[in-house]
Amino acid sequence: MPVTMLMYHMIAVPENAAEARFCRTPDAFRKDLEQIQQAGYQVLSFATVLDGVAGKVELPDKAVAITFDDGMACAYENALPILQEFSYPASVFVVSGLVGGYNDWCKVFGFPRRRMLTANEIRALAGSGVNIGSHTASHRWLGKIDKVAVSKEVRESKAALEDILGQEVPHFAYPFGSWSPVARNAVIEAGYSGACSTISGRNRKGADPYLLHRSEIKGDDAPWQFRLKLRFATNDMPPISDARRKLRQILEKWK
Ligand SMILES: [Zn+2]
C-alpha cells in the first residue's frame with residue numbers, strides 16, 4: 001500500500017508572520033502524532049519506505065513517515081521529546097554548512113534569526129534513533145545550478161555529516177524541492193540510496209527512490225486538514241468555500 005511522507009520544517013511557535021507557514025507549534029505537532037496513532041497508521045523509517053517502494057518489504061495498509069527539513073535546533077529541543085512520547089521514527093535533513101550556525105538563508109524571506117542544530121545535537125538525535133540525512137551544504141536551488149556545483153553540494157554535505165556522526169548518511173532531501181535530472185543523477189553518483197522531493201502524493205511500490213513524494217504540513221493546518229493530508233498526501237488543502245464553489249461548477253455543467 002502507498003506511504004504518505006510528511007514534511008515539517010520547524011516545531012516551534014512562530015515569531016512573526018513570515019515564518020508562520022513553516023512553524024508547527026509543539027501542541028499542534030503532538031496532536032498530529034495523536035491523530036496518526038488514533039487512525040491506526042504505522043510510522044515507518046526512511047529506510048523502510050525505501051525497502052517498500054523497492055518491493056523488498058510489504059508496506060502496511062496505513063503507513064506514514066515523518067521528515068523535517070533544514071536541521072533547525074528545534075528538531076532537538078522541541079520535536080525529539082514529542083517523537084519520543086510516541087516512540088516514532090523520523091528523519092531530519094541537515095544543511096551541513098550551517099551546523100552550529102543560524103538560518104541565514106531565510107533572512108531574505110523575512111524570517112527571524114534562529115539557531116541551527118549543533119554537531120552535538122545531531123549526534124544526540126542520531127543516538128536517539130533519529131535518521132540524519134543531508135539537505136546540501138548551503139541550501140541552494142539544485143535545479144538551477146550547474147552539474148559541478150550540484151555535485152559539490154551533495155558530496156560535501158554527505159562527507160561533513162558522516163564526519164560528525166561516524167556513520168553513513170544515505171538519505172537526501174532537495175532544498176526548496178528544487179531538482180533536475182542533473183541534480184537527481186548527482187545525488188545517485190554521490191552514493192545516496194534515496195532522496196525526497198516536495199512533490200505531493202503517496203509513494204507506491206515502484207516509485208522513484210530519488211524523488212519520493214511528500215506532503216507539507218503547514219503551521220496553520222487545522223486538525224481536519226492534517227487528517228486529509230495524512231490520507232491523501234496532498235500539499236494544498238483548499239478552504240471549504242473553494243471546494244464548494246468547484247463542486248457547484250461541476251454540478252452546473254451536468255445540468
Ligand atoms: Zn530546506
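This passage describes the aromatic pairs of the structure and the charged side chains placed over aromatic rings. The model is a predicted one, and within it 11 aromatic pairs are found.

A pair of aromatic rings is described by the distance of the centres together with the angle of the planes. For F46 and F93 the ring centres lie 5.8 Å apart and the planes stand at 70 degrees, and because an angle over 60 degrees counts as edge-to-face, this pair is assigned to that class. Since F46 belongs to helix α2 (residues 46–53) whereas F93 belongs to strand β6 (residues 91–94), the contact ties together parts that are 47 residues apart in sequence. Both partners are shielded from the surroundings in the sense of the accessibility criterion, under which a residue is buried when its relative accessible area is under 20%: the value for F46 is 2%, and that for F93 is 0%.

A further edge-to-face pair is formed by F172 and Y174, with a centre-to-centre distance of 5.3 Å and an angle of 85 degrees between the planes. F172 has a relative accessibility of 0% and is therefore counted as buried, and Y174, likewise at 0%, is also buried.

Aromatic residues are also found in a larger grouping, in which F22, F109, F111, W141 and F176 make up one aromatic cluster.

Charged side chains are placed over two of the tyrosine rings. The charged end of R113 sits over the ring of Y102, at 3.7 Å from the ring centre, while K158 lies over the face of Y192, with a distance of 5.5 Å to the centre of that ring.

Key: Residues are numbered from 1 along each chain as its sequence is written. This is a predicted model: local features need pLDDT of at least 70, side-chain atom pairs count only at pLDDT 80 or more; totals for chains, interfaces and linings use all residues. Side-chain values use heavy atoms; hydrogens and water are left out. Rings of Phe, Tyr and Trp (its six-membered ring) pair if their centres lie within 6.5 Å; planes under 30 degrees apart count as stacked, over 60 as edge-to-face and the rest as tilted. Helices (H or I, at least four residues) and strands (E, at least two) are DSSP runs, numbered from the N terminus. Buried means under 20% relative accessible area, exposed over 50%, partly exposed in between (1.4 Å probe, protein chains only). A charge sits over a ring if NZ of Lys or CZ of Arg is within 6 Å of the ring centre and within 35 degrees of the ring normal.
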